[in-house]
Amino acid sequence: MSKLSRRSFLLNTGAATAAWALPSFMLAGNSKISNDKKLNVALVGLGRYAGILTEGLQQSQYCNLAGIVTGHPAKADTWKKQYNIPDKNIYNYENFDSIKSNPDIDLVYVVLPNSMHAAFTIRAAKAGKHVICEKPMATSVADCEAMIKACKDANVQLAIGYRLHYEPYNLEIKRLGQEKVFGQVRLIESSLGYKTGDPSEWRLHKALSGGGPLMNVGIYCLQSSRYVTGEEPVSVTAQFGPNTNAALFKEVEASIFWQLIFPGGAVSNSSSTYNCGVDRFFASAEEGQFELSPGISYGPFQGKTSNGELHFPDINQQAAQMDGIGKLILEDKPLPSHITGEEGLKDMKIITAIYEAARTGRKISLV
Ligand code: NDP
């Protein structure tokens with residue numbers, strides 16, 4: 001068995017965890033969910049990505065869209081009719097905590113602006129529901145830590161919506177890097193960006209977003225450099241790009257560039273921007289190269305290595321993510337570490353260091 005697949009096997013079966021360390025949700029008789037049903041999911045915040053997740057939920061084998069939480073009664077009405085959601089499973093932001101007494105919701109999926117993730121994850125945990133929280137996990141390290149603690153205290157699982165861990169092209173670059181198929185990776189270049197233009201968009205307001213393109217899309221570049229090397233970076237340098245539109249970029253960066261050094265000798269050079277479209281990953285190792293372009297958004301993706309083109313199915317990433325998470329929760333098994341709150345916390349620590357490096361011009365140590 002390969003190093004990577006053996007590791008995934010151990011994590012998925014829980015065999016890597018000593019019996020005395022088993023979390024209580026894995027102990028026999030503790031399951032709150034019967035085996036013959038789908039995991040009932042309530043989406044919090046009915047915006048653009050909730051719509052995309054709903055398409056995935058409709059294709060999911062293990063999960064079901066059972067409830068909604070919204071600040072807009074008109075949206076509640078539309079969704080209720082469109083997806084056949086009973087009134088008892090519809091909440092607003094004020095009465096959300098009463099979801100605690102609703103046995104027909106198993107998991108709450110937080111799809112709100114970034115700065116609202118912590119409060120709603122903590123409220124969902126206190127209501128005894130498992131949680132998936134969208135990326136970025138939160139807008140501060142302290143919030144990430146509070147979310148992890150709340151879920152631990154409530155004995156519920158916490159996942160971050162890292163959909164690329166279920167996407168075949170990205171699983172392949174992870175394998176190529178971690179198994180050193182082309183030798184030690186030395187150089188990674190990854191970029192994700194798009195052109196933004198609506199000044200009312202919450203992503204341009206720091207109180208809601210926590211930051212600019214780094215928080216929103218750069219996090220994928222950071223993730224890919226970590227899962228392709230399989231290592232944690234030891235230091236970071238970073239630079240802000242020019243402010244190309246002072247009316248739009250009053251509170252968050254227009255673009256940012258950063259460089260991470262990894263202990264095995266790899267360097268990753270990444271960028272994220274609100275100025276133009278870009279979606280690519282490239283890695284050069286001692287004996288060959290591999291790349292995806294596009295490879296980070298929703299696909300269809302294209303990829304190649306020094307040995308030729310990559311061909312994998314073009315999947316619905318959200319359905320794959322919901323199935324991966326739903327199946328494990330239904331079976332009372334722990335989620336793999338690369339999608340948990342601890343993983344979101346690691347990213348948030350590095351993002352905080354990237355901003356500090358860009359602001360100060362200094363190299364920031366991560367060890
Ligand atoms: P949208 O702006 O489209 O939707 C956000 C929703 O949050 C709104 O529709 C609204 O729902 C609710 N909301 C509550 N308070 C506010 C507020 N003050 N301002 C704006 N919205 C509010 O955002 P997205 O759906 O694009 O993003 C939501 C989250 O999902 C973000 O964290 C983002 O990073 C993440 N995301 C992840 C993606 C991925 O590929 N994994 C892709 C896109 C986004 P309502 O009207 O029902 O109250």
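Buried means under 20% relative accessible area, exposed means over 50%, and partly exposed is anything in between. Keep in mind that this is a predicted model.

Q: Is Asp 332 buried or partly exposed?
A: Start with where Asp 332 sits: the loop between helix H9 (317-330) and helix H10 (341-360). Its relative accessibility comes out at 17%. Buried means under 20%, so Asp 332 falls into the class called buried.

Q: What is odd about the backbone of Asp 332, and what is the value of its phi?
A: Most residues other than glycine have a negative phi. Asp 332 isn't a glycine, yet the sign of its phi is positive. The value is near 60°.

Q: Asn 155 has a positive phi too; which class does its accessible area put it in?
A: Asn 155 is in the loop between helix H5 (141-154) and E6, and its phi is about 60° although it isn't a glycine. Its relative accessible area is 22%. Buried would need a value under 20% and exposed one over 50%, so Asn 155 is partly exposed.

Q: In the open sheet of six strands, which strands stand at the edges?
A: Read the strand order, which is E3-E2-E1-E4-E5-E6 with parallel pairing. An edge strand here has a single partner strand, so one side of it is left without a neighbour in the sheet. That picks out E3 (90-91) and E6 (158-160).

Q: Which residue of E2 is the bridge partner of Leu 43?
A: Strand E1 (residues 39-44) and strand E2 (residues 63-69) run parallel and are joined by six bridges. Leu 43 has its bridge partner in E2, and that partner is Ile 68.

Q: At about what angle to E1 does helix H2 run?
A: Helix H2 covers residues 48-59 and lies across E1, E2 and strand E4 (107-110). Going by direction relative to E1, the angle is about 165°.

Q: How much of the ligand's own exposed area does the protein bury?
A: There are 26 residues around the ligand, and the closest are Thr 70, His 72, Lys 75, Tyr 93 and Arg 163. Polar side-chain atoms come in at 2.5 Å from a ligand oxygen for Thr 70, while Lys 75 has a side-chain N or O atom 2.5 Å from a ligand oxygen. Asn 114 has a polar side-chain atom 2.7 Å from an oxygen atom of the ligand. Taken alone the ligand exposes 890 Å², and the share of that buried by the protein is 83%.

Q: Which backbone nitrogen lies 2.8 Å from a polar side-chain atom of Asn 102?
A: Asn 102 belongs to the loop between E3 and E4, and at 6% relative accessibility it counts as buried. Beyond its neighbours within four places in sequence, it is in contact with Lys 88, Asn 89, Tyr 91 and Lys 129. The backbone nitrogen in question is that of Asp 104.

Q: In the open sheet of nine strands, which are the edge strands?
A: The order is E14-E13-E12-E11-E7-E10-E9-E8-E15, and the pairing is mixed. An edge strand pairs on one side only, which here fits strand E14 (308-310) and strand E15 (364-365).

Q: Which residue in E10 is the bridge partner of Gly 193?
A: Look at strand E7 (residues 185-193) and strand E10 (residues 267-273), a parallel pair joined by seven bridges. For Gly 193, the partner in E10 is Thr 273.

Q: How many of the eleven residues of H6 are buried?
A: Helix H6 (residues 168-178) lies across E7, strand E11 (278-285), E12, E13 and E14. Its buried residues include Tyr 169, Ile 173 and Leu 176. The helix is mostly covered, and the count of buried residues is eight.

Q: At the start of H6, which residue's side-chain oxygen reaches to within 3.0 Å of the backbone nitrogen of Tyr 169?
A: Tyr 169 is one of the buried residues of H6. The side-chain oxygen that reaches its backbone nitrogen belongs to Glu 167.

Q: What is omega, roughly, for the peptide bond that joins Ser 293 and Pro 294?
A: Most peptide bonds are trans. Pro 294 is in the loop between strand E12 (288-292) and strand E13 (303-305), and Pro 300 is also placed in the loop between E12 and E13. The bond from Gly 299 to Pro 300 is cis, with omega near 0°. The one joining Ser 293 and Pro 294 is cis, with an omega of about -5°.

Conventions. Residues are numbered from 1 along each chain as its sequence is written. This is a predicted model: local features need pLDDT of at least 70, side-chain atom pairs count only at pLDDT 80 or more; totals for chains, interfaces and linings use all residues. Side-chain values use heavy atoms; hydrogens and water are left out. Two strands pair if DSSP finds at least two bridges between them. Helices (H or I, at least four residues) and strands (E, at least two) are DSSP runs, numbered from the N terminus. Contact means heavy atoms within 4.5 Å. Axes are lines fitted to C-alpha atoms, for helices over the stretch in contact, and angles run from 0 to 180 degrees between N-to-C directions. A residue is near a molecule or strand if one of its heavy atoms lies within 4 Å of it. A polar contact is a pair of N or O atoms within 3.5 Å; within protein, one must be able to donate a hydrogen and the other to accept it, and residues adjacent in sequence count only if both atoms are side-chain atoms. Accessible areas come from the Shrake-Rupley method with a 1.4 Å probe; for residues, only the protein chains shown count as cover. Buried means under 20% relative accessible area, exposed over 50%, partly exposed in between (1.4 Å probe, protein chains only).
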